[in-house]
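Me: I would like to go through the terms applied to this model and see what supports each of them. Please set every value against its definition.

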Amino acid sequence: MLDRRDFIALSALLAAPAYAARALTEAEFAAAEEFVELILPGAKAARVMRYIDLGLAHGVGETAAWQRGLAAWAKQKVPMEQLAAKELSPATELERFFGLAKRAAIDAYALSDEGQKEWLGYRGGVHLESFPGCTEEHG
Amino acid sequence: MAQAVLDVLVVGSGPGGGIAAYSLCQQGLQVGLIEAGKRLVPGRDYNGHGSPHKDWEKRLAAGFKTPVSKVTDYQEKDHFTGVGDNPRHGLLKALGGRSLCWAGHTLRFGPGDFAQWPIRYEEVAPYYARAERLMGVSGFRDGLWNLPDGEFLPGVPLRCSEKMLGKGVAKLRGKHREAAFVSIRKAIPTKSGAVPRATCHFCGHCMAGCEVDSKYTSANTPIPMALRTGRLSLFLQSTVTRIVMTNDGHRVQGVEIVKADGSREELRCRALVLACSTVETARLLLTQNLANSSGQVGRNLTSHFGLTVIGLFPQVRGRDASNDDGWDYYHSLLTGLYWKDKAKQFEGTYQVQCGAGVHPKKLAIKWAPGYGESLKAQLKDWNTTHAGMNMQGMLLISKNKYVDLDPVKRDANGIPLPRIHLHYDDSDLAMANDVIQTCEETIRLAGGTVHSSPGKATRDNLVIDSNHWVGTARMGTDRRTSVVDTECRSHDIPNLFLGDASVFPAYPEKNPTLTNIALSWRMAEKLAARARRGDL
Ligand SMILES: Cc1cc2nc3c(=O)[nH]c(=O)nc-3n(C[C@H](O)[C@H](O)[C@H](O)COP(=O)(O)OP(=O)(O)OC[C@H]3O[C@@H](n4cnc5c(N)ncnc54)[C@H](O)[C@@H]3O)c2cc1C
Ligand code: SF4
């Protein structure tokens with residue numbers, strides 16, 4: 001039987017390691033997670049923002065652009081349909097941010113184990129004796 | 001302290017220099033191989049297999065800006081000046097040079113390609129065969145006259161959308177176009193025991209660097225073989241800054257190197273082989289205006305250039321997309337175009353490298369409209385059903401493309417940076433427009449739709465191949481119009497030889513490295529024969 005102390009220790013071990021945002025503030029990070037999850041459902045579980053924030057902290061991407069975008073999002077929660085409709089001709093800070101966050105999130109999600117397995121159905125990165133190529137016949 | 005005089009000094013340890021060093025040692029000469037970079041250890045210094053999310057933090061802390069641990073991260077930056085239509089220039093300073101990150105595409109030039117050379121295909125063919133055996137080249141025998149078959153290990157089959165492209169090309173032929181669609185050939189062993197390297201396990205990271213050293217590199221094959229002869233001295237992290245000439249200025253006497261600690265040293269030799277790569281070799285010669293009585297050093301510069309067209313094939317929708325890794329993205333080649341057919345608006349020929357499938361570390365299609373589940377489904381569907389077609393065209397040799405020295409900018413050793421001038425000619429644009437039409441037609445003939453295409457080629461949307469530069473010190477029989485003779489020996493300086501692709505006098509659409517290796521091997525044999533005759 002586990003006693004209470006063991007249980008707490010075990011829970012702490014099993015919990016995902018806490019991540020302290022480095023480029024964004026904690027509040028910005030939480031808002032960014034929410035925003036990116038609306039663009040790419042599943043991104044939060046795949047810790048996509050952790051990856052993006054780490055990059056920002058090391059000069060990959062522009063932190064200020066994220067902060068401006070998140071500030072605009074905090075002011076007005078424009079529906080995603082509306083932002084997506086303006087993606088190719090963005091006029092506002094938030095419309096520009098939609099495109100920026102979307103590109104970064106797609107990259108990060110595709111690089112995550114979750115994105116590869118659950119989204120793309122990829123089972124590669126393994127040792128093969130030979131490469132089978134396409135084994136199906138298509139029209 | 002005065003250094004012993006070595007028989008030959010070879011500068012640069014890439015494919016050209018590596019094979020030269022091995023061949024010279026094998027023939028009994030005492031050789032020094034000088035390399036500006038250090039040794040990179042596969043699996044330690046680069047590791048394409050790692051999970052980007054898990055390794056990212058460690059890598060960022062170490063100063064890398066890309067999540068996947070790639071050998072290309074070590075490429076030089078700010079090492080040249082570009083003038084004109086966005087020239088680019090790849091340089092990896094490491095033992096093995098850019099063979100560490102090459103894709104391994106290994107294609108012979110054909111008899112038609114050598115028509116513009118002062119040597120024939122038959123002269124180079126035995127060296128091709130030897131190089132293929134040493135490198136462990138895998139491919140299918142396709143029986144094409146101008147893409148000759150070699151000594152191949154088993155080839156690698158195509159992915160689903162690439163097979164669809166093959167059907168399109170068959171229909172193109174039905175419309176009397178000269179064309180073939182074949183599997184790519186690579187210097188990567190697919191069968192164990194054929195070469196003393198690991199057999200490929202199809203992880204798809206070749207250009208990030210092969211961490212199990214299956215892919216041929218200069219560092220994993222010829223250089224260790226040269227070391228085993230006991231006749232090779234390796235000078236790592238040593239940059240040649242000056243060629244030292246005899247007092248009369250007629251012959252090379254040695255080179256000056258700058259070592260990692262900044263100290264300078266002079267090394268002596270009886271003969272010198274430069275294999276610094278096309279641009280860097282021209283730069284070194286131009287710095288002292290050596291071997292240049294023809295005024296041709298830096299001229300006749302060419303490379304490949306291209307653009308990308310992507311097709312979607314609804315026929316393959318729903319297929320099992322679980323593992324498309326293979327041996328990197330490009331598995332197939334649209335070739336044979338305009339080898340004989342002269343009805344065209346441009347000079348030269350092109351080939352199209354094709355790839356397909358889901359590659360999460362470098363998604364081919366990274367954008368779709370919308371958001372949410374529909375965005376995810378669209379991106380997955382497009383990547384699963386797509387085939388990418390990447391043009392590799394021969395850039396017209398003209399006065400608009402050349403290398404000279406930057407009059408202002410210098411490197412840390414005080415040597416002027418090379419300046420690359422690239423201005424596309426009208427013929428280049430006409431070729432690119434032909435490629436666009438051919439690719440789009442192939443996709444439609446195969447029952448697919450065009451997902452993306454430049455539509456029309458412009459000087460802004462063409463992309464130069466930064467790693468395929470050749471031709472700044474061309475080979476020829478006339479010393480007034482060429483830099484080296486048919487043995488790759490300088491017309492002006494009898495003990496100076498070139499071991500890289502700077503000597504190519506003309507360039508077909510095919511990838512350069514196999515021919516670079518074959519020519520350098522041939523050069524080394526001719527050099528050693530001269531040494532034996534006392535005729536250096
Ligand atoms: C990502 C990528 C993919 C590629 N794919 C293919 C492919 O599929 N097929 C193909 O045929 N080719 C391919 N290439 C091109 C191929 O790598 C080059 O053609 C080949 O490496 C050129 O060989 P080289 O010996 O002339 O030069 P390099 O490989 O560039 O080697 C030159 C060496 O010389 C050293 N050096 C230069 N100057 C000095 C100096 N002054 N003193 C001391 N050392 C010096 C450099 O540090 C370097 O190590 C690819 C290249 C890249 C980067
Ligand atoms: S696909 Fe083969 S050659 Fe390429 S990196 Fe993987 S194991 Fe090496």
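Reply: A residue is called buried when its relative accessible area is under 20%, and exposed when that area is over 50%. The model under discussion is a predicted one.

Me: Why is B:N516 called buried?

Reply: The relative accessible area of B:N516 is 12%. The limit is under 20%, so B:N516 counts as buried.

Me: Where does B:N516 lie, and which residues is B:N516 in contact with, leaving aside neighbours within four places in sequence?

Reply: B:N516 belongs to helix α9 of chain B, residues 513-533. With those neighbours left aside, its contacts are B:G16, B:G499, B:D500, B:A501 and B:F504. Contact here requires heavy atoms within 4.5 Å.

Me: What makes A:L40 count as buried?

Reply: Its relative accessibility is 0%. As buried means under 20%, A:L40 therefore meets the criterion.

Me: Where is the place of A:L40, and which residues does A:L40 touch, not counting those up to four places away in sequence?

Reply: A:L40 sits in the loop of chain A between α2 (26-39) and α3 (48-57). On that count, A:L40 touches A:A105, A:I106 and A:Y109, together with B:L375 and B:K376 of chain B. The C-alpha atoms of A:L40 and A:V78 are separated by 16 Å, and the two residues are 38 apart along the chain.

Me: How do you know whether the radius of gyration of chain B agrees or disagrees with that of a compact globule?

Reply: For 536 residues, the globule rule gives a value near 24 Å; chain B has 23 Å, and therefore the two agree. Along the principal axes, the C-alpha atoms of chain B fill a box of roughly 75 × 55 × 50 Å. Of its 536 residues, 63% count as buried.

Me: What share of the contacts in chain B between residues at least 6 apart in sequence joins residues at least 24 apart?

Reply: The share is 72%. The elements of chain B are nine helices and 18 strands.

Me: How does the reach of helix α8 of chain B compare with the expected span?

Reply: Helix α8 covers residues 426-445, which is 20 residues. The expected span is 1.5 Å times one less than the number of residues, giving 28 Å; the helix reaches 29 Å from first C-alpha to last, close to that expectation. After α8(B) comes B:G447, with a positive phi near 85 degrees.

Me: Which atoms supply 50% of the area that chain B exposes?

Reply: Carbon and sulfur atoms supply that part of about 19200 Å².

Note on methods:
Residues numbered from 1 in each chain as written. Chains lettered and ligands numbered in written order. Predicted model: local features only at pLDDT ≥ 70, side-chain atom pairs only at ≥ 80, totals over all residues. Heavy atoms only, no water. Helix = DSSP H or I, 4+ residues; strand = E, 2+ residues; numbered from the N terminus. Rg over C-alpha atoms; globule rule 2.2 N^0.38 Å. Buried < 20%, exposed > 50% of the residue type's maximum accessible area, 1.4 Å probe, protein only. Areas by Shrake-Rupley, 256 points an atom, 1.4 Å probe, with all protein chains shown as cover.
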